[in-house]
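Open the structure in your viewer and keep the selection tool at hand. The stops below say what to select and what is there.

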Amino acid sequence: MPGILTYALHYEGEFNKNSLGAVTEAARLANEIGGEAGAVVVGDGDDLTDELCKTLGAYGAAKVYRAKAPEGLAQPVVDAMAKVIQDEGYSYALFGGGLLGFEVGAGLTARLGAGVTMEVTAVKAQDGKLVAERPILQDSAIVDVSYVGEPGIIIGRLNAFDVAESGGGDAEVVDVDVQLEEHSTKARMVQRGESGEEEVDIEGADILVAGGRGLGKAEGFQLCEELAGALGGAVAATRAVVDAGWYPYAAQIGQTGKTVAPKLYLAAGISGAIQHKVGMQSSENIVAINKDPNAPIFEFSDLGIVGDLNKILPKLTEALKAKKGG
Ligand SMILES: Cc1cc2nc3c(=O)[nH]c(=O)nc-3n(C[C@H](O)[C@H](O)[C@H](O)COP(=O)(O)OP(=O)(O)OC[C@H]3O[C@@H](n4cnc5c(N)ncnc54)[C@H](O)[C@@H]3O)c2cc1C
């Protein structure tokens, strides 16, 4: 039976939304190709209870494979998923994107010598097999990718797959005894935390004030937050600043982040790299503030302001507040 395996990340007794999207999608596709959806869960604490694992059945998982190993690290998940795929004969592994999904998917591909498609935005079933849709050429075209061998690895863009309860009952929980590879135990989880991903709906916001490396430091984002507050919008970011730890990953716009199309996208201290552009180029109005008159972002902005954002942003905020007050 052609099964589809996913990985469900959990934290403080709840499965992550991106993982639930992958489980939902795997179940929908498994149904179409006449297969079964399974989910691997990994943890070494007491919180991975039968009750919690069974809840994945509501999103369409028939079986949940529970492995005892450190949660939140990629390599132990690769070990667990490789074993389940080899023992149970799953034909596909599907991930909802996100940093861990990318890492686990890539590791699994290397481990099993599999075929992989990344940045997938949709998956369809054709003649009992899966075909992944992947945007190319700055998202100007979409190619269909099918697999010549098994397993096929599919890694979606972050939040590419919607979460939906399928009305299924409890999933069957199967304990898996995984022998971790030596290198899988080298990394250690020091601290886990929430990124506050759900607090702001960046994809739904009409106005985004996006900050880049030109803000100079993490505290620079206060300027963006104040302006976003005055405009009634939300704050977005480039990958450079997210990687630097200046702002949460959830706010990242671009090729490996979110794709947005607000009414107004105000980019402050952002150079306009192609990987950022693909995530925001469909915005209705793009306003850029950059001290470099030759910054690429000006090539696709409706309004460009050449100057120091440290002077311009506070003035804009002040003017907006004064206007509201008046
Ligand atoms: C595979 C891959 C995927 C990627 N995915 C993404 C992605 O999803 N999203 C993304 O954003 N990037 C992504 N990148 C990174 C991308 O290539 C750029 O490195 C990144 O977008 C640059 O971020 P930035 O504009 O903040 O920084 P920089 O390129 O360093 O630009 C900073 C800008 O600030 C200006 N500036 C400096 N000081 C001031 C000031 N005081 N006032 C006004 N302007 C000022 C500078 O003139 C400059 O133009 C990806 C890269 C790769 C290789």
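Start at the ligand and select glutamine 252: a polar atom of its side chain lies 2.7 Å from an oxygen atom of the ligand. Keep in mind throughout that this is a predicted model.

**Stop 1: the ligand**

Add serine 271 to the selection. An N or O atom in the side chain of serine 271 is 2.7 Å from an oxygen atom of the ligand. Next add aspartate 308, where a polar side-chain atom lies 2.9 Å from a nitrogen atom of the ligand. How much of the ligand does the protein bury? Taken alone, the ligand exposes 990 Å², and the protein buries 75% of that.

Now show the residues around the ligand. There are 25 of them, and those that come nearest are Arg213, Thr238, Gln252, Thr256 and Ser271. Colour the shell by residue type: five residues are nonpolar, 15 are polar and five are charged.

Which helices should you highlight here, as each supplying at least two residues of the shell? They are α6 (239-243), α7 (274-280) and α8 (309-325). If your viewer can draw pockets, note that the space taken by the ligand is the second largest pocket.

**Stop 2: asparagine 18**

Leave the ligand and select helix α1, residues 17-33, which contains asparagine 18. Is asparagine 18 buried or exposed? Its relative accessible area is 10%, so asparagine 18 counts as buried. Then select glycine 96 as well. A polar atom of the asparagine 18 side chain lies 3.0 Å from the backbone oxygen of glycine 96.

**Stop 3: glycine 105 and isoleucine 154**

Select helix α4, residues 98-112, and find glycine 105 in it. Glycine 105 is buried, because its relative accessibility is 0%. Now add isoleucine 154, which is 49 residues away from glycine 105 along the chain. The C-alpha atoms of glycine 105 and isoleucine 154 are separated by 7.6 Å.

**Stop 4: two glutamates with positive phi**

Select glutamate 12 in the loop between β2 (10-11) and β3 (14-15). What is phi for glutamate 12? It is near 50°, a positive value in a residue other than glycine. Glutamate 12 counts as exposed, because its relative accessibility is 63%.

For the second glutamate, select strand β7, residues 115-120, and pick out glutamate 119. Glutamate 119 is not a glycine either, yet its phi is positive, at about 60°. Is glutamate 119 buried or exposed? With a relative accessible area of 7%, glutamate 119 is buried. Add arginine 157 to see a polar contact of 3.1 Å between the side chains of glutamate 119 and arginine 157.

**Stop 5: a cis peptide bond**

Finish with proline 151, in the loop between β10 (141-146) and β11 (152-156). Select glutamate 150 too and look at the peptide bond that runs from glutamate 150 to proline 151. That bond is cis, with omega near -5°.

Terms used. Residues numbered from 1 in each chain as written. Predicted model: local features only at pLDDT ≥ 70, side-chain atom pairs only at ≥ 80, totals over all residues. Heavy atoms only, no water. Near = heavy atom within 4 Å. Polar contact = N/O pair within 3.5 Å; in protein donor to acceptor, adjacent residues only side chain to side chain. Areas by Shrake-Rupley, 256 points an atom, 1.4 Å probe, with all protein chains shown as cover. 1 Å grid on protein atoms, 1.4 Å probe; cavity = no way out; pocket = protein on both sides within 12 Å on 5 of 7 lines; lining within 4 Å. Sits in = over half its atoms within 2 Å of the grid points. Helix = DSSP H or I, 4+ residues; strand = E, 2+ residues; numbered from the N terminus. Nonpolar A, V, L, I, M, F, W, Y, C, P; charged D, E, K, R; others polar. Buried < 20%, exposed > 50% of the residue type's maximum accessible area, 1.4 Å probe, protein only.
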